[in-house]
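Grab a coffee and open the viewer. Here are some short exercises to work through with the structure on screen, each with a solution underneath.

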Amino acid sequence: MFRCAITAIRNIRPIFFQHYAARIIYNQPKSFSTLHTRINPIVYTGCSNNYNLSLLNNKQVLDVSNNLMVPARTVTKFSLKKGKRKTVKAAVKRFLRLNWGVWIRTKIGRHKKLWKKSQPQKRRLRQHVFVNSTQTVLLDKMVTKYWKRPKYYVDDPYEPYHTREEFHITRRKPRESY
């Protein structure tokens, strides 16, 4: 009895799931928030020294782990057709790059629960903000050279913000002497 208990303590790692133990309901969208798993009770194999029943060798567990799809917005470095780098479209939709290299975005939650926000808060939510330097570097890596070039639109509302004359690095015109 005591010998079997020691063997059972040593063999806690190898557990055995019955056939179809972990099953994903496939009619749900594939994301972590809607992933439903149904796991039958774990059946312990007893005092045997069979290490082939561990989770790493269990086919059903490996199939479940291979079916999990995590959404990713990574940059395509080499396209299949021409072998060129591709732009991440989500970055272009959500952010705007000004001509002097900074990216701007709208405030978070500007369309949410407007009925409970005051007028000054609604005004502040309509404003744009700069992204920080880490995000600027990341966004520059996510887009191609086309999106880094200056763009000229008719009646551009961002026209006064495309130049930054007060900063010595981004200044285009010579500074007037006083």
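The exercises below go from the overall layout to single residues, and the model is a predicted one.

**Exercise 1. Lay out the chain: how many helices and strands are there, and in what order do the elements run?**

Step 1: Count the elements. The chain has 6 helices and 5 strands.

Step 2: Walk along from the N terminus. You should read off α-β-β-α-α-β-β-α-β-α-α.

Step 3: Look at the contacts. Take those between residues at least 6 apart in sequence: 58% of them join residues at least 24 apart.

Step 4: Turn to the surface. Buried residues account for 18% of the 178 residues. The accessible surface of the chain is about 15,200 Å², and carbon and sulfur atoms make up 58% of that area.

**Exercise 2. Find the salt bridges, and for each partner decide: buried, partly exposed or exposed?**

Step 1: Search the whole structure. You get 2 salt bridges.

Step 2: Take Arg97 and Asp140. Their closest N and O atoms sit 3.2 Å apart. This pair ties together distant parts of the chain, with Arg97 in strand 3 (residues 96–97) and Asp140 in helix 5, 43 residues apart.

Step 3: Check the cover on that pair. The cut-off for buried is under 20% relative accessible area. Arg97 has 18%, so Arg97 is buried. Asp140 has 19%, so Asp140 is buried too.

Step 4: Now do Glu166 and Arg164. Their side chains form a salt bridge with an N to O distance of 3.6 Å. Glu166 is exposed, with a relative accessible area of 63%, while Arg164 is partly exposed at 25%.

**Exercise 3. Which residues gather in a patch of positive charge on the surface?**

Step 1: Colour Lys and Arg and look over the surface. The patch is made up of Lys77, Arg85, Lys141, Lys145, Lys148 and Arg149.

Step 2: Place one of its members. Lys141 lies in helix 5 (residues 133–142). Asp140, from the salt bridge in the last exercise, is in helix 5 as well.

**Exercise 4. Work out the surroundings of Thr76: where does Thr76 sit, and with which residues is Thr76 in contact?**

Step 1: Locate Thr76. You'll find Thr76 in the loop between helix 2 (59–67) and helix 3 (89–94).

Step 2: Judge the exposure. Thr76 has 34% relative accessibility, so Thr76 counts as partly exposed.

Step 3: List the contacts, skipping neighbours within four places in sequence. That leaves Lys84, Arg85 and Lys86. Arg85 also turned up in the positive patch.

Step 4: Pick out Thr87, which is 11 residues from Thr76 along the chain. The C-alpha atoms of Thr76 and Thr87 are separated by 7.4 Å.

**Exercise 5. Examine two backbone angles: what is phi at Lys113 and at Asp155, and where do these residues lie?**

Step 1: Recall the general rule. Most residues other than glycine have a negative phi.

Step 2: Check Lys113. Phi is near 50° there, a positive value in a residue other than glycine. Lys113 belongs to the loop between strand 4 (103–106) and helix 4 (119–125).

Step 3: Check Asp155. Phi is positive again, at about 55°, although Asp155 is not a glycine. Asp155 is in the segment after helix 6 (145–148).

Step 4: Finish with exposure. The relative accessible area of Asp155 is 73%, so Asp155 is exposed.

Notes. Residues are numbered from 1 along each chain as its sequence is written. This is a predicted model: local features need pLDDT of at least 70, side-chain atom pairs count only at pLDDT 80 or more; totals for chains, interfaces and linings use all residues. Side-chain values use heavy atoms; hydrogens and water are left out. Patches are made of residues with over 30% relative accessible area and no salt bridge: like charges are joined within 9 Å, nonpolar side chains (Val, Leu, Ile, Met, Phe, Trp, Tyr) within 5 Å. Accessible areas come from the Shrake-Rupley method with a 1.4 Å probe; for residues, only the protein chains shown count as cover. A salt bridge is a side-chain nitrogen of Lys or Arg within 4 Å of a carboxyl oxygen of Asp or Glu. Lys and Arg count as positive and Asp and Glu as negative; His and the chain ends are not counted. The place of a charge is taken as NZ of Lys, CZ of Arg, CG of Asp or CD of Glu. Helices (H or I, at least four residues) and strands (E, at least two) are DSSP runs, numbered from the N terminus. Buried means under 20% relative accessible area, exposed over 50%, partly exposed in between (1.4 Å probe, protein chains only). Contact means heavy atoms within 4.5 Å.
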